[in-house]
Amino acid sequence: MFDCRDEVLFYTKQLVNIESIVNTNGEKEIAQVLHAMIASLPYFMEFPEQVVISRTSDDELERYNVLAFVKGTKSDSSDTVILMGHLDTVGIDDFTQLADLACNPDELLEAIKKEALPESVRAHAESGNWMFGRGTLDMKSGVASHLYLLKYYSEHPDELEGNLVLLAECDEEDSSHGILSALKDLQAWKEQHGFNYIAAINADFVAPRHEGDENRYIYKGTVGKLLPSFFITGSETHVGSCFEGLDPNLIAAELTRQLDYNPDLCNEALGETTVPPVSLKQMDLKPAYTVQTALSAYVYYNFFIHSWSPKDVLEKLTVQAEIAFTNALTLLKERYERFCRMTGEPCRDLPWKVRVMTYGDMEEELAQAHGEEYTRYIDDFKQQLLNDQSLDVRMFAAKTVEEAWKWMPDKSPAIILFYSSLYSPRVELKGDRLEERNLMEALDKAVAAVQPSYSKPIVVRDFFPYISDMSFVALSDDEAALETAAKNNPSWGSKLLVNYQDVRRLNVPVVNIGPYGLDAHKKYERMELDYSLEAVPNLTNMVIKQLIGGK
């Protein structure tokens, strides 16, 4: 067992001290610092070509990944293990008056102690076994653990029957430009040095799954994430004649009532269940105030998957959207009839019908109706939208659907279902491949070896429950699933393009062994020192030794 606490703590503080908020110059700075740290190690001074700082591709920002590798000398095996982790963090606005101390753990701790704190936070702040600060948990202590192991094996390459690669990537907290660019670097090294990638170990944070949960989790594979989105059109009217129209916001409200926290939309696989979808945006697309009801509304929801494909999700949500539309029309009819009874006005039959379609289906209908005229128009429209830097990929998609809708021959109210963001694929480790079985066996042996020296249960589960870059080192989806995600994303090929074939070429089984703590992405983000600085590096090292250390 390594006595590594002090050294990993030192590296953690060095990394946390650099404010590396995603989509800021801090991402560039921390990559430069980490590259310099690694390049200054004696091994990499002897082999400088084995550490690189690599700029991301197809990225509007200047930022970098850092990659380094140690070639084992115990044998000439080409087997290679990847240690991966991200360098960026979320913002620090939630620290309010303590924002200046957010990346200074020692000073921040003293300042926090002076605040009125929840009892559990106070206990951790006073214990001496927790580090507070942005990035301490998510996930610079994990990167520090990897850095310690890289340094160790750079000093002891004779202990490796194979090679050890460190990948420290940017932009995990937003659009995954880092890992997607790094795939090309990893492929280049595979071709240049003959690497056979057999496993990847991520070091993202782990946390309690419920109140009172004392387990420290390790995860095989990861949850997938989609952003199903709905463009909802109504029938506009003057508010003084409200029953002559159909308010799309009513349909949007019923849709959120149908989808939000709905256990029917939890995906169970390998005995584990995702959390249900939840709304991330609900708005109408009316540009300014008028006394006319809105023409359209836009909503989107987080959606986690374990085994469902993007096609499965579209099919399930089409059914849910039809239920929501039906509920909205039923409610409108009931209220209209009550209003007529109150006023004595005659009731008429309301004309609207349930109408739900996917974006892919709408595109096919438009192509049939208008041919190349529509195709050229919408492609030109997307190119013009690209000039508006204020549009993120989600609003880009909404604007595209809104414009496409103008070409529909039948403009009766409808719900258009599509995806408006990056698809982060699910990764299942089921032991179908030898590499998967070897990694799972190594993980079990590592836990058995380290558990006696740590007081809390170390528990292995199948799906990392948060969005992570693990989604982009292996694929469990087939080509049809990826095609469905692309076909139903209006931003695909213009604002958004992911080469999933790069992922499939790497396709390395991945696990997550990361620091333990609480309140990631919150003001009191903190990580437990004992597990994060001692158990994590030793668990990771035990897996390395099982795979490429000659056991």
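Trainee: What is the strand order in the open sheet of 3 strands?

Mentor: This is a predicted model, where local features need pLDDT of at least 70, side-chain atom pairs count only at pLDDT 80 or more, and totals for chains, interfaces and linings use all residues. Residues are numbered from 1 along each chain as its sequence is written, and side-chain values use heavy atoms, without hydrogens and water. Helices (H or I, at least four residues) and strands (E, at least two) are DSSP runs numbered from the N terminus, and two strands pair if DSSP finds at least two bridges between them. With antiparallel pairing, the order is E4-E19-E18.

Trainee: Which residue in E19 stands opposite Met-131?

Mentor: E4 and strand E19 (residues 526–528) run antiparallel, joined by 3 bridges. Opposite Met-131 stands Met-527.

Trainee: Is Lys-220 buried or exposed?

Mentor: Lys-220 sits in strand E7 (residues 216–220). Buried means under 20% relative accessible area, exposed over 50%, partly exposed in between (1.4 Å probe, protein chains only). Lys-220 has 15% relative accessibility, so Lys-220 is buried.

Trainee: How do H1 and H6 cross: oblique or roughly parallel?

Mentor: The axes (lines fitted to C-alpha atoms, for helices over the stretch in contact; angles run from 0 to 180 degrees between N-to-C directions) of helix H1 (residues 5–16) and helix H6 (residues 136–155) come within 8 Å and cross at roughly 130°. Angles under 35 degrees count as roughly parallel, over 145 as roughly antiparallel, 65 to 115 as roughly perpendicular and the rest as oblique. Therefore H1 and H6 are oblique.
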